[in-house]
Every structure is written in structure tokens, then in C-alpha cells.
Amino acid sequence: MEKILQVKDLNISFHTFAGEVKAIRGVSFDLHKGETLAIVGESGSGKSVTTKSIMRLLPSNNAEIKSGEILFGDIDIVKASERKMQSIRGKDISMIFQDPMTSLNPTMTIGKQIMEPLLKHQHMHKNEAKKRAIELLKLVGIPKAEIRFKQYPHQFSGGMRQRVVIAIALACNPKVLIADEPTTALDVTIQAQILELMKDLQSKIDTSIIFITHDLGVVANVADRVAVMYGGKIVEIGTVDEIFYNPKHPYTWGLISSMPSLDARDAELYAIPGTPPDLLNPPTGDAFAPRNQYALKIDLEKEPPMFKVSDTHYAATWLLHPDAPKVEPPAAVKKRMYKFKGAKTTPVKEDK
Ligand SMILES: Nc1ncnc2c1ncn2[C@@H]1O[C@H](COP(=O)(O)OP(=O)(O)O)[C@@H](O)[C@H]1O
Ligand SMILES: [Mg+2]
């Protein structure tokens with residue numbers, strides 16, 4: 001399969017008053033043409049930092065890419081000039097952020113804002129750009145596009161604004177679209193509509209998508225593959241089916257167990273005990289060990305490598321070592337496993 005993006009052994013730190021925060025610790029993954037890769041993990045696991053580095057949008061004052069490569073075609077984004085990045089950003093790789101309000105300019109009509117990348121990157125004539133902008137508004141499901149084109153962001157609801165942001169991101173037919181928790185700031189019904197739109201777009205465009213979410217529940221319906229992040233690392237990666245039906249890492253088990261099930265009797269939610277690792281002083285062994293009821297002695301001493309489960313499925317847990325005791329996923333995971341297939345997306349309201 002054609003690789004659009006290859007992230008290789010990426011290490012990123014932030015220099016803070018408290019010391020060096022080792023936010024990304026050896027992250028590697030490929031993004032294939034036309035696929036949607038979801039990156040999931042608790043808050044602070046490194047999802048946003050990873051994707052900001054792909055856009056080269058890390059804060060310049062304290063962020064440092066210590067090592068690694070981000071290959072986009074024959075360009076290494078880590079080393080590319082800022083000028084090169086300006087020609088890539090918003091054209092070849094574009095991004096949708098969580099809060100549609102901060103991504104839009106309140107003083108400019110949304111039509112102008114959609115036309116901007118078309119004039120800048122595609123060098124379109126004004127009339128041509130206007131025509132394309134209206135097409136884009138229709139593509140993202142905004143009714144009365146011709147009228148809406150002339151309106152300002154405050155005249156749009158939150159969900160409609162996020163549609164506009166998506167239209168802007170798609171304007172130049174990017175090869176990669178990064179959506180960083182695109183529905184988290186929206187209310188439940190609107191979340192479902194935006195997810196529906198993302199799914200619908202997948203079938204209409206051939207852009208590869210990186211979809212970031214802390215909510216595993218939305219993943220089953222939108223992603224082809226899933227990367228699970230913990231403490232600045234990818235701890236498990238596989239196809240959606242592999243992650244939901246044959247999860248291997250106890251952290252993935254924890255995430256699955258904490259998903260609300262469709263069963264109303266399961267009103268009480270499981271939460272993974274403990275807190276994420278301190279990235280100022282990352283642990284020597286498996287960073288999840290202190291929260292892992294299945295932790296082995298070696299977990300505290302030595303970092304597990306990525307064990308191969310299948311050609312598409314890898315997990316970093318010592319439980320996959322041939323000499324490790326055989327451990328089955330907990331009942332809560334098994335109970336949820338058979339429920340995913342065909343399940344409708346049931347987004348859960350984020351408590352902020
Ligand atoms: N500007 C920054 N300065 C210092 N630390 C940061 C900065 N941005 C992110 N971090 C740290 O990097 C880690 C990963 O953050 P992030 O990628 O935003 O997590 P996620 O998106 O998964 O919630 C966190 O420990 C966070 O505190
Ligand atoms: Mg984030």
C-alpha cells in the first residue's frame with residue numbers, strides 16, 4: 001500500500017521551568033493512501049504534539065524535535081525550511097482543530113475564508129475560487145451555500161462552523177487531513193452529525209485522514225486503523241477489527257472497558273485507575289506498569305519492544321513474550337467486543 005506519510009522514531013521534548021518534558025518518545029507509524037488512521041489515548045498521551053509536529057506547528061520557544069523523521073514523499077518535514085512548510089501547510093497537509101471558533105476569523109465572511117487557500121495555493125481567479133468555495137460548502141452539507149457564502153462566522157451555529165472549517169481544510173484537496181478532536185467541543189447530536197460528515201467525505205475524497213480522539217467509541221465507525229498512545233508512545237497499533245476484537249495491550253483493554261456500552265444496565269463506568277506517567281521523569285520500564293494489574297516483574301525494569309501480532313497488528317507489552325503467562329482480556333472487554341460491529345456511533349458528551 002502506498003505510504004503517504006512515514007513517521008520514524010520521533011522524539012520530542014519541551015523545555016520547561018520544571019525540566020525537560022519528554023512528550024514524544026520514539027513514535028513510528030505510516031499513513032497509507034486513502035485510509036483513516038485514528039490516534040487514541042488519554043489526555044496528555046501525546047496525540048496533539050505528534051500531529052502538530054507533522055504540520056511543524058510546535059511552539060518554537062520551548063519545543064524541540066530531538067530526533068526522528070517525518071517523511072512526506074521525499075521531504076523530511078523535520079528538516080524542511082519554513083518556506084517549504086508554508087507551501088505544504090493548508091495545501092498538501094491541512095488540519096482541523098477542536099474549536100471551530102478559534103480557527104475562523106470573525107471579521108471575514110466565510111466565503112472569503114474558504115477562497116483564501118484557493119487564491120494562495122492554487123492561484124485561482126476570484127470567480128473560479130468563488131465557484132469552488134460554494135461547491136465546498138455544499139460538499140460539507142451546508143444548505144443555501146450561495147447565501148451562506150456571504151455570511152460571517154457568528155451567523156453560523158457551532159456545528160455549521162465546524163463544517164466551514166472542514167471545507168477550508170479540504171479546499172486544496174490535501175493529501176493528508178489531520179482532525180484533532182474535531183467533535184469534542186460540540187454537543188452530542190452535532191458530534192454525531194460531524195462524524196457522519198467525516199465518514200461521508202471519506203467515500204468522496206481520496207485524502208488520507210489522521211483522526212485524533214480520546215474517545216474510543218467514535219473510532220469504530222470512522223477509522224480503518226487505530227494507534228493507541230500512552231505516555232508519549234504508541235503502545236498498540238492495528239486495524240479497527242484487530243484493536244476491538246483482539247486487543248493485546250492492557251492499556252487498550254482499559255480504554256475499551258471505559259467505553260460506555262449500549263447496554264443501559266452498564267450505567268456505571270469503568271475508569272483506568274491511577275494517573276499517566278510523569279514525562280519529566282519517564283519510568284524505565286513499561287510506563288503503564290504502575291496502573292496495570294497484569295504487570296510482570298520485567299515491566300518495571302525493561303521497556304517492552306513492539307511485538308508482532310500480525311502483519312498489521314503490533315503491541316508493546318511483555319505479555320506477548322513467548323515466556324509470559326497467558327492472560328485473557330478482562331470480562332468487561334470481552335463483553336464489549338461483540339457489540340462494536342454494526343453499532344451506531346454513540347458519542348459521549350465530554351466533561352471539560
Ligand atoms: N507547550 C508545551 N509546553 C510544555 N509541555 C507541553 C506543551 N505542549 C504539550 N506539552 C506536554 O506534552 C504532553 C503531550 O501533550 P498533548 O500532545 O497535547 O496530549 P494529548 O493531545 O494526547 O492530550 C503532555 O504531557 C503535555 O503536558
Ligand atoms: Mg490534544
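Q: Hi! Which atom of ligand 1 does a polar side-chain atom of Asn-62 lie 3.2 Å from?
A: A nitrogen atom of ligand 1. That is a polar contact, meaning a pair of N or O atoms within 3.5 Å.

Q: Cool. What kind of model is this?
A: This is a predicted model, where local features need pLDDT of at least 70, side-chain atom pairs count only at pLDDT 80 or more, and totals for chains, interfaces and linings use all residues. Residues are numbered from 1 along each chain as its sequence is written, chains are lettered from A and ligands numbered from 1 in the order in which they are written, and side-chain values use heavy atoms, with hydrogens and water left out.

Q: Back to the ligand, what do Gly-46 and Ser-48 do?
A: Gly-46 puts a backbone N or O atom 3.0 Å from an oxygen atom of ligand 1. With Ser-48, a polar side-chain atom sits 2.8 Å from an oxygen atom of the ligand.

Q: And how much of ligand 1 does the protein cover?
A: 68% of the 560 Å² of accessible area that the ligand has on its own, by the Shrake-Rupley method with a 1.4 Å probe.

Q: Which residues come nearest?
A: Gly-44, Gly-46, Lys-47, Ser-48 and Val-49, out of 14 around ligand 1; to be near, a residue needs a heavy atom within 4 Å.

Q: Which element gives the most to that shell?
A: H1, with three residues. Helices here are DSSP runs (H or I) of at least four residues.

Q: New topic: how do H4 and H5 pack?
A: Helix H4 (residues 110–121) and helix H5 (residues 126–139) pack at about 115°, axes 9 Å apart. Angles run from 0 to 180 degrees between N-to-C directions, and axes are lines fitted to C-alpha atoms over the stretch in contact.

Q: Who meets whom?
A: On the H4 side, Ile-114 and Leu-118 are among the residues that meet H5, whose partners include Ala-133 and Leu-136; contact means heavy atoms within 4.5 Å.

Terms used. Polar contact = N/O pair within 3.5 Å; in protein donor to acceptor, adjacent residues only side chain to side chain. Helix = DSSP H or I, 4+ residues; strand = E, 2+ residues; numbered from the N terminus.
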